[in-house]
Amino acid sequence: MKKENKKNLYIAICFLSAFLFWTAAVSLVDVRAIGPEGSSVGFAKVNSLVHKFLGVHMDLYIITDWLSLIPVGVVLGFAYLGLLQWIKRKKFSKIDYSILVLGGFYVVVMAVYVLFEIFVVNYRPLLINGCLEASYPSSTTMLVMCIMPTAMMQTNCRIKNPVLRKTVNTAIFVFIIFMVFARLVSGVHWLTDIVGGALLSTGLVKMYSYIIGLKQKP
């Protein structure tokens, strides 16, 4: 178990490092003003080709925006579970370790989102309600790829029925794949935004796995 947990740490470090290098590359390589209102984006040739090939599908944008409420509901659900445990057990420290870590994980995800809203790397390839919006990394990709895999880890521990557990995990997996690809195809993000969101999310989730593993018995 300890060896497996160290593997999670190494993978987390690799993906988080890859995200930092990717972010630097997006900020420096082939940066051109190909976005609306003369906004610039890195890897301009690749991003432009993919965006023109896929086009813009606002119906998918609206659908994925509404479906983003599902991860938000998951966050609220686990927050409620933690609150119930706190009330029942009368001590904050008695809340399940995995739930406490999950709460900290949610805070980190939100902090990263706010950070990239303040320090904008690039903007969306189209105006939303007439305004430029920060686009990197894809916040929807981050939300889905951070919240849903950690929810899957929780269900693995809390759902005892193997059939139900497999059904829930399969549904979560399909949801993640649909949301990420639909967000790209919708045309509201550059390809590099999606890649950045995926790299960062994978690194954060693996770091969560590592921290959870520190309390597991060998």
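## A buried valine between two helices

At 0% relative accessibility, Val-188 counts as buried. In this predicted model, Val-188 is found in the loop between α7 and α8, the latter spanning residues 191-213. Setting aside residues up to four places away in sequence, the contacts of Val-188 are Met-58, Tyr-61, Arg-124, Pro-125, Leu-126, Ser-135 and Arg-183. Two of these partners, Arg-124 and Arg-183, return below as members of salt bridges, Arg-124 with Glu-133 and Arg-183 with Asp-65.

A further pair gives a sense of distance from this loop position. Val-188 and Val-26 are separated by 162 residues in sequence, and their C-alpha atoms lie 17 Å apart in space.

## Overall architecture

The protein chain contains 8 helices and 0 strands. Read from the N terminus, its elements follow the order α-α-α-α-α-α-α-α. The radius of gyration is 19 Å, close to the 17 Å given by the globule rule for 218 residues, so the chain is as compact as a globular protein of that length. Along the principal axes, the C-alpha atoms fill a box of roughly 55 × 35 × 30 Å.

Contacts within the chain reach well along the sequence: of those with a separation of 6 or more, 75% are between residues 24 or more positions apart. Buried residues account for 40% of the 218 residues. The accessible surface amounts to about 12,200 Å², and carbon and sulfur atoms contribute 72% of this area.

## Charge distribution

The protein chain carries 21 positive and 9 negative side chains. The centres of the two sets lie 21 Å apart. The number of salt bridges comes to 5, and several of them are described in the next section.

## Salt bridges

The side chains of Asp-65 and Arg-183 form a salt bridge with an N to O distance of 3.1 Å. This pair links distant parts of the chain, with Asp-65 in helix α3 (residues 58-67) and Arg-183 in helix α7 (residues 162-186), 118 residues apart. The two partners differ in exposure: Asp-65 is partly exposed, with a relative accessible area of 33%, whereas Arg-183 is buried, at 1%.

A second salt bridge joins Arg-158 and Asp-96, at 3.2 Å from N to O. Arg-158 lies in helix α6 (residues 139-158) and Asp-96 in the loop between α4 (69-89) and α5 (97-118), so the pair ties together parts that are 62 residues apart in sequence. Arg-158 counts as partly exposed at 33% relative accessibility, and Asp-96 likewise counts as partly exposed, at 22%. Arg-89 joins Asp-96 and Arg-158 in a network of salt bridges.

## The Glu-133 and Arg-124 pair

Glu-133 and Arg-124 also meet through their side chains in a salt bridge, with an N to O distance of 3.0 Å. Glu-133 counts as partly exposed at 27% relative accessibility, while Arg-124 counts as buried at 5%. The buried arginine of this pair, Arg-124, is one of the residues touched by Val-188. Arg-183, the buried arginine of the pair with Asp-65, is likewise among the contacts of Val-188.

Note on methods
Residues are numbered from 1 along each chain as its sequence is written. This is a predicted model: local features need pLDDT of at least 70, side-chain atom pairs count only at pLDDT 80 or more; totals for chains, interfaces and linings use all residues. Side-chain values use heavy atoms; hydrogens and water are left out. Helices (H or I, at least four residues) and strands (E, at least two) are DSSP runs, numbered from the N terminus. The radius of gyration is taken over C-alpha atoms; the globule rule is 2.2 Å times the number of residues to the power 0.38. Buried means under 20% relative accessible area, exposed over 50%, partly exposed in between (1.4 Å probe, protein chains only). Contact means heavy atoms within 4.5 Å. Accessible areas come from the Shrake-Rupley method with a 1.4 Å probe; for residues, only the protein chains shown count as cover. Lys and Arg count as positive and Asp and Glu as negative; His and the chain ends are not counted. The place of a charge is taken as NZ of Lys, CZ of Arg, CG of Asp or CD of Glu. A salt bridge is a side-chain nitrogen of Lys or Arg within 4 Å of a carboxyl oxygen of Asp or Glu.
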